[in-house]
Amino acid sequence: MVHIFNYKNNYYIYDVGSGSLHECDENTAKYLLAQQGEKVDISTITEEEIKEIEEGVAALKKEGLYEKEEISAYPMKSGDVKALCLHICHDCNLRCRYCFADEGAYHAQREFMSEQTAKRAIDFLIENSGNRKILEADFFGGEPLMCLKTIKNVVAYAREREKQTGKKFLFTTTTNALLLNDEAIEFFNAEMENVVLSLDGRKEVHDAIRKTVNGKGSFDLVINNVKKFVQSRGDKSYYVRGTFTSKNLDFSNDVIFLAENGFDSISMEPVVTPIEDLAIKEEHLSSICNEYENLCEKYLDKYKKGEGFNFFHFNIDLEGGPCLSKRVSACGAGNEYFSVTPNGDIYPCHQFAGEEKFLMGNVYEGKINADIRKQFATSCLFTRKKCDGCFAKFICSGGCSANNYHYTGDIETPYEITCEMMKKRAEIAMHILAEKKRIKK
Amino acid sequence: MIKTIAKPAERKITACGECRSTCQSACKTSCTVGNQSCERITREERPDKETK
């Protein structure tokens with residue numbers, strides 16, 4: 001499959017099978033679209049031009065960069081567990097309206113994971129990791145910094161287990177930064193491979209949703225903590241991660257606000273919520289796609305001025321990107337990646353936590369429900385039939401299983417609104433890749 | 001006129017499993033494989049590449 005698209009009068013050819021990207025002129029794009037059966041007027045294209053286009057296509061085909069046969073099956077998947085999301089607490093010190101986790105409680109009682117259970121989860125991961133050397137655990141909530149002492153003790157325990165087993169743990173914490181004090185900053189910088197800090201952007205946007213228990217906006221309580229942390233972070237990974245809702249469809253302003261506040265690693269995600277006045281709906285798609293274009297312009301302006309920043313969804317690495325195994329299997333939820341709730345229950349990922357239908361076992365039992373695991377292990381890009389004809393399938397891997405399930409009732413059926421946003425971001429990411437190469441020249 | 005912008009590098013190793021889970025990269029809601037790099041290639045062949 002070849003995807004030919006026009007972005008702001010730049011014409012691109014993305015070959016899905018090879019994962020290569022090419023640029024061309026308007027007539028070439030028109031001619032190739034006509035060859036694909038699109039109704040395009042090619043009456044002005046000369047015979048000489050057609051000859052040149054066909055020679056160019058033939059040369060690409062010879063290199064395996066045009067209409068390369070797409071892989072439709074892949075030998076997978078290992079039965080080894082790679083990563084756990086540890087719900088170190090089901091409680092939170094904020095009450096964000098859009099929280100998928102029921103403001104931290106996950107539709108159950110507010111509770112904390114005991115140190116014993118967290119250590120047992122670490123052992124469970126090691127025991128089920130086979131020959132994998134690198135293992136991952138992320139501390140998630142609720143708000144993990146409400147349990148800093150437990151996290152410190154669990155990390156120390158994992159480091160001891162590394163010495164005994166030869167495994168290597170990479171840790172991540174997701175935090176709202178309310179309790180991000182000097183002690184936490186020092187610990188994170190020493191031990192966390194990645195830290196995700198929730199901040200929605202402009203004060204009024206953030207405060208409208210991310211409120212304290214007393215109902216007040218939390219922006220002023222967290223912004224300096226996040227800045228202090230990022231300034232201390234050096235070269236280590238972090239993401240300042242915002243959420244946009246239908247209330248701030250001008251979210252490019254929030255991304256730029258974050259960039260101008262000194263954050264150079266940013267993600268901004270569409271909200272996942274059933275709440276009527278916040279949810280992203282089909283009627284918002286056009287505005288959102290336009291806003292991604294606005295963000296692209298602002299992003300490139302900053303790049304040209306030497307003020308570039310990393311925006312997660314505009315990253316695309318077509319030269320050294322993920323291997324096919326990863327592109328096909330995506331996040332590995334329910335097979336190589338699980339979440340563990342405070343009482344040790346195992347779910348396919350954090351977004352399934354608390355859903356009885358997806359309860360897969362408990363770390364104290366040490367077993368994983370084979371039927372549910374098989375459902376996830378056999379689910380991959382190739383079982384998501386709606387993705388067959390999509391140019392972005394090897395970029396998005398068929399979407400997030402949880403997102404698919406919560407919107408369509410089936411982990412195999414992608415949610416079309418998410419697909420449309422994804423496709424728009426993929427085209428922009430390709431344009432940015434091309435623009436950066438042009439600028440560097 | 002067609003000009004190649006990017007094409008995948010030849011791979012010596014695939015499916016090594018040494019990269020971080022997609023879900024732990026940035027956002028935990030819509031982290032996307034295609035927004036990541038192969039961490040092994042980045043580490044071994046492009047150590048100067050920004051990995052944040």
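Two strands pair if DSSP finds at least two bridges between them. With that in hand, welcome to this predicted model. Here 4 bridges join strand β3 (residues 20–24) of chain A to β1(B), and the two strands run antiparallel. One bridge to look for links Leu21(A) with its partner Ala6(B) in β1(B).

Now for the wider meeting of the two chains. In all, 38 residues of chain B are in contact with 66 residues of chain A. On the side of chain B that touches chain A, β1 (2–6) and α1 (39–45) of chain B each supply at least two residues. β1(B) gives the most, with 5 residues. The table sorts both this side of chain B and a helix contact inside chain A by class.

| Contact | Nonpolar | Polar | Charged |
|---|---|---|---|
| Side of chain B that touches chain A | 14 residues | 15 residues | 9 residues |
| α9(A) with α14(A) | 13 residues | 1 residue | 7 residues |

How do those two helices of chain A lie? The axes of α9 (residues 285–304) and α14 (residues 416–440) of chain A come within 10 Å and cross at roughly 20°. Angles under 35 degrees count as roughly parallel, so α9(A) and α14(A) are roughly parallel to each other. The crossing in which α9(A) passes α14(A) is right-handed. Among the residues that meet are Leu285(A), Ile288(A) and Tyr292(A) from α9(A), and Ile417(A), Met421(A) and Ile428(A) from α14(A).

How confident is the predictor? The complex receives an ipTM of 0.90 and a pTM of 0.95. For chain B, the mean pLDDT is 77, and 73% of its residues reach 70 or more. Where pLDDT is low, the predicted coordinates should not be read in detail.

Technical notes: Residues are numbered from 1 along each chain as its sequence is written. Chains are lettered from A and ligands numbered from 1 in the order in which they are written. This is a predicted model: local features need pLDDT of at least 70, side-chain atom pairs count only at pLDDT 80 or more; totals for chains, interfaces and linings use all residues. pLDDT is the predictor's confidence in each residue, from 0 to 100. Axes are lines fitted to C-alpha atoms, for helices over the stretch in contact, and angles run from 0 to 180 degrees between N-to-C directions. Angles under 35 degrees count as roughly parallel, over 145 as roughly antiparallel, 65 to 115 as roughly perpendicular and the rest as oblique. A crossing is left-handed if the near helix is turned anticlockwise from the far one by less than a right angle, and right-handed if clockwise. Two residues are in contact if their C-beta atoms, placed from the backbone, lie within 7 Å. Ala, Val, Leu, Ile, Met, Phe, Trp, Tyr, Cys and Pro count as nonpolar, Asp, Glu, Lys and Arg as charged, and the others, Gly among them, as polar.
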